[in-house]
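Me: I'm new to this structure and would like a close look at one part of it, the contacts between chains. Please start there, then show me what surrounds that part.

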Amino acid sequence: MRRDHRRSIVGVHLALILLLLGAQFVVPPFHRTMVTRIMILTTYAMGYNLLLGYTGLMSLGHAMFFASGMYTTGLTVFYLGFGAPAALVAGLLASVLMSTLTGLITLRTTGASFLVITMMFSQAFHLATLYFNKFTMGDQGFILSGRLRPLRLGTAELAFSDPVLKYNLALVLFAIFLMMSVWLIGSPIGRILVGVRENEERTRLLGYNTFNYKLLSLIISGSLSGVAGSVYALTFSYVGSSFASIIYSIYPLLWTLLGGAGTTIGPFVGTAVMAFVVDIASGLTSSYLFAVGAMLIILILWFPSGVIGGIRSRWVRWLP
Amino acid sequence: MSFGGQLFLALLEGTVTGFVLALTALGLSLVFGVMRIVNVAHGEFFMLGAVIAWYFSAMFGGYFVALLAAPLVVGGIAYLADRLVLRRINYSPESTIVATIGLLYIIQQLVLTVYGPYARSVTTPFYFRVDFPWFGYSGYKLVVAGISAMLLLATWLVVTKTTAGLYMRATQQNQEMAQAFGVPVHRVYPLVFALGAGLTALAGALVVPVQQAHYLMGLDALLMSFIVVVLGGLGSLKGTMVAAFLVGISDGVVSVFFSPTLAKIIATVLVALVLSFRTGGLFGVEET
Amino acid sequence: MGEMASMTRLLQTTALSKRFRGLEAVQPVDLRLDQGEIRAIIGPNGAGKTTLVCMISGRVSPTSGQVHFKDRDITRLRAWDRVALGIVYTFQVTSIFRKLTVYENVALAVQRKLMRRALDRLTLREAILSDRVEAALAEVGLGQVGNHLAGLLPYGHQKLLEVAMALALKPEVLILDEPTQGLAPEEIINFCDLIRKISREVTILLIEHNMPVVLELATGITVMDKGAIIAVGTPDEIEANARVQEAYLGL
């Protein structure tokens with residue numbers, strides 16, 4: 001049983017965090033930015049994984065959550081002069097609100113209908129960011145640098161342009177949510193979500209109000225995605241409507257599947273691998289999204305449980 | 001133009017849109033109804049139809065040949081996709097979604113590479129103007145609507161009156177039973193998939209003289225098809241038709257009086273709301 | 001034979017009926033279940049047995065009528081809340097978590113009973129959970145297979161797993177829907193012993209086609225046909241009843 005391996009589980013995840021902590025001293029500056037981006041987007045993927053991998057619900061609308069965090073943070077900094085902490089809180093609140101509302105409406109459906117509805121809401125959100133381009137600057141987007149006040153930690157002042165701050169902010173985000181997901185999956189709630197995924201009706205007849213748990217899962221999932229969006233805005237200093245477009249709903253699906261849906265480390269592996277694949281591919285051709293398409297088909301035909309999923313079922317059964 | 005004139009224009013545009021949308025979405029509805037899968041690459045088949053039509057018109061000067069070639073080529077591609085990928089994953093719903101998303105990007109990016117990122121148009125094969133009291137209207141658009149209507153009718157006849165159609169309906173109702181009765185289910189599937197792709201490719205080919213052919217045009221077609229199919233009720237062809245007209249007309253009206261973007265936003269949100277409260281859409285069966 | 005059924009009324013349906021789009025699956029039915037009974041519901045296919053029992057457990061909402069549990073009206077109560085009250089249903093075709101281990105299957109059930117406060121959803125005493133899971137598995141005889149994947153168990157063991165999950169929920173009324181269907185003769189004997197043992201603490205409502213099992217286990221029998229109850233009585237009374245014999249001739 002997984003319980004017996006608790007120490008190993010915590011150990012593996014802490015080791016990953018420590019590895020990333022140390023990597024910043026060893027890795028060249030270009031790759032440091034890349035790892036920063038990977039860590040933030042992994043958080044997005046982890047949020048998505050909670051809903052897909054653990055609760056069994058496939059959404060094509062998570063870009064809406066990511067972007068609502070990103071836009072709330074960006075707009076509050078740009079127009080209202082919020083400092084980073086306040087903007088982050090604002091982003092979190094916005095994504096919680098967004099996920100709750102979305103959940104209450106969409107969770108009445110499941111399967112293909114859920115997929116389509118989430119996609120539609122997300123498209124509407126994307127269109128809205130374009131429609132209100134007087135504020136959002138639409139596709140072109142807007143930049144935060146220059147408007148973002150430095151972070152004050154004790155007596156030190158760290159500017160958001162500082163790559164060290166960026167990296168470690170992303171790392172803190174990643175670490176907190178990685179450990180949180182490990183804990184959540186191992187908790188009673190985690191078990192219930194897996195029950196919903198495996199056999200929802202059975203779970204209902206074991207005495208659980210599955211709607212409430214699906215809603216909880218969606219709220220946590222959406223909020224995590226939103227926080228990732230907020231941190232992305234602060235770190236990369238750019239907010240644009242491309243992050244609300246459908247490809248940004250497909251990315252977390254791809255990363256999660258590649259790394260292994262229903263595993264805690266899978267999202268990280270998937271995000272990291274695709275980051276490198278896209279990096280290489282965009283050096284070769286402007287149609288690098290072809291790699292995304294090909295990857296998805298290869299995965300679904302031959303590696304449906306992803307990298308970590310495969311490793312888990314063959315060698316390391318206790319991985320959550 | 002007077003309000004009445006504008007309204008009439010809106011309704012006319014809406015009706016034309018409705019017919020074309022019905023034709024575009026019909027394939028998606030058929031595929032879902034018979035095969036129980038969601039084809040996320042559906043919009044790309046539409047786009048392929050448009051691009052192929054452009055190639056035939058611009059390069060070989062034969063627009064009418066394009067109307068034949070587009071559905072055949074795209075149908076062939078769809079057939080291959082079914083044999084090579086969909087059958088291997090056994091048409092499992094979730095896996096098919098992922099696989100067709102992959103197919104979407106493969107098709108889209110291949111077109112980007114070969115056709116390029118620019119939107120290109122084709123001159124209408126014939127031009128005549130229909131004069132209404134308030135405005136002149138493109139006769140070609142009316143012909144397109146007419147052709148779409150005929151194709152819809154033809155499809156309906158095939159589905160309801162022919163043996164092939166019978167096989168499709170039997171498979172839709174109860175796959176196991178159909179198999180037990182000797183329906184070659186595994187041959188029905190690739191043909192239905194190809195038919196669905198061909199119909200939407202034809203729609204794409206028909207609109208090219210009016211819209212331009214662009215490698216990203218599939219996304220809009222996909223979204224509109226989804227809206228129409230799910231609103232009308234997954235699995236109900238009649239529902240898809242009705243929904244196409246509802247959506248077409250409201251889109252036409254809102255677009256004339258407000259911005260098209262706003263129209264899309266409203267349509268999307270409204271449909272999503274309808275769906276959450278009537279999970280089966282207008283004519284479908286309530287999901288448990 | 002067993003103990004006398006106490007006259008405490010546990011469950012009562014009043015004019016409970018179900019109509020599906022023009023087909024009346026269950027006509028207004030009054031059924032009374034007393035504490036300590038092992039009541040069998042028998043009847044030809046399509047008699048409405050499963051529908052009736054689904055209305056009692058909350059899986060299906062009635063077209064009209066009420067369900068009372070311990071004199072409390074639970075007609076509006078959703079299925080998951082009825083489980084909390086002690087009404088537990090096991091599926092006709094086994095519905096378990098096939099890709100999870102036997103342990104995890106029962107754990108989810110045990111967990112429900114252990115989660116009393118809101119905070120319990122975040123963390124539970126694993127030791128208590130573990131003990132209860134082992135106890136439930138031992139009671140049905142699956143103590144050795146905790147680690148096995150539920151879907152790979154032989155069919156008979158899957159049925160036992162369902163019972164273990166039901167027991168973990170500490171039921172007051174256990175509803176078994178055709179539990180011996182698909183079991184080999186030795187398994188059936190085993191099953192009957194298990195039911196008899198459970199019935200000392202739990203009231204049983206049992207849908208069965210296997211008449212020897214019914215006659216062996218039941219303290220009372222309700223006979224249904226075409227959506228209505230046509231006879232209620234002790235096994236002896238039902239065996240002698242002509243109407244019942246007539247209804248079953250169509251089988």
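**Where the chains meet**

Reply: Let's start with the contact between chains A and C, which takes 18 residues from chain A and 25 residues from chain C. On chain A's side of it, the residues split evenly by class: 6 nonpolar, 6 polar and 6 charged. Keep in mind as you look around that this is a predicted model.

Now turn to the other contact. Of the 2 pairs of chains that are in contact, it's A and B that share the most contacts. Here 38 residues of chain B meet 35 residues of chain A. On chain B's side, helix H4 (93-115), helix H9 (217-232) and helix H11 (260-277) each bring at least two residues. H4(B) gives the most, with 15 residues. As for classes, chain B's side has 26 nonpolar, 8 polar and 4 charged residues.

What about chains B and C? Those two don't touch, and their nearest C-alpha atoms sit 11 Å apart.

With the contacts in view, here are the partners themselves. Chain A, which takes part in the contact with chain C and in the one with chain B, has 13 helices and 4 strands. A compact globule of 320 residues would have a radius of gyration near 20 Å, and because chain A comes out at 19 Å, the two agree. Its C-alpha atoms fill a box of roughly 55 × 45 × 45 Å along the principal axes. Of chain A's 320 residues, 57% count as buried. If you take its contacts between residues at least 6 apart in sequence, 79% of them join residues at least 24 apart.

For a piece of chain A to zoom in on, try helix H11 (residues 266-284). Its 19 residues should span 27 Å at 1.5 Å a residue, and its end C-alpha atoms are indeed 27 Å apart. The buried residues in H11(A) are A:Gly266, A:Pro267, A:Phe268, A:Val269, A:Gly270, A:Thr271 and A:Met274. They pack against three helices of chain A: H2 (29-54), H10 (247-259) and H13 (306-314).

Chain C mixes 9 helices with 10 strands. The radius of gyration of chain C is 18 Å, close to the 18 Å the globule rule gives for 251 residues, so chain C is as compact as a globular protein of that length. Its C-alpha trace spans about 55 × 40 × 40 Å along the principal axes. In chain C, 44% of the 251 residues count as buried. Among its contacts between residues at least 6 apart in sequence, 68% join residues at least 24 apart.

That leaves chain B, so let's look inside it. Helix H5 (residues 139-161) has 23 residues and reaches 32 Å from its first C-alpha to its last, close to the 33 Å expected at 1.5 Å a residue. B:Lys141, B:Val144, B:Ala145, B:Ser148 and B:Val159 are the buried residues of H5(B). Their packing partners in chain B are strand S2 (136-138) and helices H1 (3-35), H6 (163-173), H8 (185-207) and H10 (237-257).

Two of those partners, H1(B) and H8(B), also meet each other: their axes come within 8 Å and cross at roughly 170°. Angles over 145 degrees count as roughly antiparallel, so that is how H1(B) and H8(B) run relative to each other. Their contact has 19 nonpolar and 4 polar residues, with no charged ones.

Follow chain B past H1 and you reach B:Arg36, in the loop between H1 and H2. B:Arg36 isn't a glycine, yet its phi is positive, about 60°. Most residues other than glycine have a negative phi. B:Arg36 is partly exposed, because 17 other C-beta atoms lie within 10 Å.

There's a similar story at B:Asn90, in the loop between helix H3 (63-86) and H4 of chain B. Its phi is near 60°, again positive in a residue other than glycine. Is B:Asn90 buried or exposed? Exposed, because it has 8 C-beta neighbours inside 10 Å. The loop of B:Asn90 leads to H4, which brings you back to the helix that gives the most to the side of chain B touching chain A.

Terms used. Residues are numbered from 1 along each chain as its sequence is written. Chains are lettered from A and ligands numbered from 1 in the order in which they are written. This is a predicted model: local features need pLDDT of at least 70, side-chain atom pairs count only at pLDDT 80 or more; totals for chains, interfaces and linings use all residues. The expected span of a helix is 1.5 Å times one less than its number of residues. A residue is buried if 20 or more other C-beta atoms lie within 10 Å of its own, exposed if 12 or fewer, and partly exposed in between; C-beta atoms are placed from the backbone. Two residues are in contact if their C-beta atoms, placed from the backbone, lie within 7 Å. Ala, Val, Leu, Ile, Met, Phe, Trp, Tyr, Cys and Pro count as nonpolar, Asp, Glu, Lys and Arg as charged, and the others, Gly among them, as polar. The radius of gyration is taken over C-alpha atoms; the globule rule is 2.2 Å times the number of residues to the power 0.38. Axes are lines fitted to C-alpha atoms, for helices over the stretch in contact, and angles run from 0 to 180 degrees between N-to-C directions. Angles under 35 degrees count as roughly parallel, over 145 as roughly antiparallel, 65 to 115 as roughly perpendicular and the rest as oblique.
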